[in-house]
Each structure stands twice: as C-alpha cells, then as structure tokens.
Amino acid sequence: MAEARAYARLAIASTIALGLIAGLLSGWWAITGGMGGKNYAGWYGSSVTGSADAGPWLRARVAVSGLLALNKSQAIYFTRKTDDAGQALREGCQYKVSGGAMPGRWWSVTVYAADNFLPRNDDDALSFDATEVTPAADGRWSALLSPARPQAGAWASTRNAGSFDITLRIYQPTAAAQQDFATIPMPEVTRLDCKGAA
C-alpha cells in the first residue's frame with residue numbers, strides 16, 4: 001500500500017515537472033525562437049505590435065528583443081532572418097536589398113546580431129535608410145549588406161554579426177499600410193555571394 005502511494009506521488013510529481021518544463025520551453029521559444037506575426041514576402045510583422053491589443057507573448061518578445069515598439073500610426077516593424085531563397089542570413093555572405101517606394105514618411109533597415117544587439121564593430125554603418133539610397137528612374141533602389149564596405153552605394157555592415165536578422169521600420173506609415181500589411185511592397189533580399197560557399 002505504501003509502495004503504491006509512493007509510486008502515485010512520483011507519477012504526479014513527474015507529470016507536474018514535465019508540464020512545467022514543456023511550458024517553460026514553449027514559452028521561451030514563443031518569445032525568442034518564433035519570428036512572431038505573419039509572413040509578408042519573407043518579412044514578419046504583427047499589426048498589434050506597440051498597441052494595447054498586443055498579447056502577452058508578443059509583449060514578452062518585444063521586451064526580450066529590445067524593439068521598443070511605437071504605436072503603429074507612428075511606425076510599423078518587420079523582421080527577417082532569411083534571404084529570398086530561404087537561406088539564413090549570415091555574416092560571410094553579401095546580400096542586395098532592393099525595393100521601391102515605401103508607404104511612409106521615412107524608412108530604415110537595421111542589422112541585428114543573433115543576440116538581438118547591433119553587431120559589435122566600428123564600421124559606423126549598421127543600417128541604411130531612405131536618405132541614403134538613390135532610386136533609379138523607375139523608383140527602385142538597392143543597398144548592400146556585407147562585412148566589407150563596398151566602393152559606393154548604400155550599405156549596412158554585417159561584420160561580427162554572425163547569423164543575423166534585419167529589421168525594416170516604416171515611420172509614419174500611410175493609413176492603407178497600417179490597415180493591411182499585405183499591400184506593402186516589401187524589399188527583396190538576394191544573396192550575391194558567400195565566402196567558402198558552393
């Protein structure tokens with residue numbers, strides 16, 4: 001009888017412990033591992049970031065990543081960790097980011113290392129923005145992400161970034177962009193070359 005009670009206690013304790021571990025791991029993944037939001041041509045964004053409608057997991061993700069999100073009437077945010085071929089962004093590669101007019105007053109693209117901080121380098125070029133790109137006659141622009149400064153053009157340094165992600169911020173977005181992120185012409189991210197890659 002005593003042995004049966006001890007076994008029952010052990011089974012209950014094990015079940016509770018497994019439940020707690022599974023809950024903690026799933027919560028941690030939801031905060032740090034999941035991109036959050038919906039996928040818009042490879043960029044992930046949530047229409048409730050920075051609003052009272054944000055749920056507890058999104059608020060926790062924003063707190064952990066240090067996004068310091070503004071209300072969506074002031075800024076909307078999108079993050080991506082892969083290029084257009086679905087390959088992870090990494091320091092040893094060079095990428096072309098290209099797009100057209102963004103539906104807002106101003107925009108920027110910033111590089112973040114895997115630890116959610118800016119890459120630790122002294123290149124003084126961890127982002128590029130609307131004032132740094134030169135649109136062509138058709139309104140399209142491009143910039144580079146690479147560990148080495150190009151000879152010309154807009155550029156963001158990925159030196160010491162390791163596996164990184166990029167964040168697109170569109171400031172004072174149009175009402176249409178705020179209401180439907182799917183209408184935003186998201187920039188393309190094309191891998192140009194990689195050191196030691198096939």
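These exercises work through the fold, the disulfide and the salt bridges of the structure shown above.

The model is predicted, so that local features need pLDDT of at least 70 and side-chain atom pairs count only at pLDDT 80 or more, while totals for chains, interfaces and linings use all residues. Residues are numbered from 1 along each chain as its sequence is written, and side-chain values use heavy atoms, with hydrogens and water left out.

**Exercise 1. Describe the secondary structure and the overall burial of the protein.**

Step 1. Helices (H or I, at least four residues) and strands (E, at least two) are taken as DSSP runs and numbered from the N terminus. The protein has three helices and ten strands, and along the sequence they follow the pattern α-β-β-α-β-β-β-β-β-β-β-α-β.

Step 2. A residue is called buried under 20% relative accessible area, exposed over 50% and partly exposed in between (1.4 Å probe, protein chains only). Of the 198 residues, 38% count as buried.

Step 3. Accessible areas come from the Shrake-Rupley method with a 1.4 Å probe, and for residues only the protein chains shown count as cover. The protein exposes about 11300 Å², of which carbon and sulfur atoms supply 57%.

Step 4. With a contact defined as heavy atoms within 4.5 Å, 71% of the contacts between residues at least 6 apart in sequence join residues at least 24 apart.

**Exercise 2. Locate the disulfide and characterise its surroundings.**

Step 1. A disulfide is a covalent bond between the sulfur atoms of two cysteines; here the criterion is a pair of cysteine sulfur atoms within 2.5 Å. The count by this rule is one disulfide.

Step 2. The bond is formed by Cys-93 and Cys-194, whose sulfur atoms lie 1.8 Å apart. The pair links distant parts of the chain, with Cys-93 in strand E4 (residues 93-99) and Cys-194 in strand E10, 101 residues apart.

Step 3. The link of Cys-93 and Cys-194 is right-handed, with 105° about the S-S bond.

Step 4. Cys-93 is buried at 1% relative accessibility, and Cys-194 is likewise buried at 13%.

**Exercise 3. Examine the salt bridges, their place in the chain and their exposure.**

Step 1. A salt bridge requires a side-chain nitrogen of Lys or Arg within 4 Å of a carboxyl oxygen of Asp or Glu. Six salt bridges satisfy this rule.

Step 2. One of them joins the side chains of Arg-120 and Asp-115 at 2.9 Å, N to O. Arg-120 is exposed, with a relative accessible area of 58%, whereas Asp-115 is partly exposed at 34%.

Step 3. Another is formed by Arg-159 and Asp-122, with the closest N and O atoms 2.8 Å apart. This pair links distant parts of the chain, since Arg-159 lies in the loop between strand E8 (155-157) and strand E9 (165-173), and Asp-122 in the loop between strand E5 (104-112) and strand E6 (127-129), 37 residues apart. Arg-159 is partly exposed at 26% relative accessible area, while Asp-122 is exposed at 67%.

Step 4. Glu-188 and Arg-140 also meet through their side chains in a salt bridge, at 3.9 Å, N to O. Glu-188 belongs to strand E10 (residues 188-194) and Arg-140 to the loop between E6 and strand E7 (141-146), 48 residues apart. Glu-188, at 38% relative accessibility, is partly exposed, and Arg-140, at 34%, is also partly exposed.

Step 5. Through salt bridges that share partners, Asp-122, Asp-123 and Arg-159 are joined into one network.
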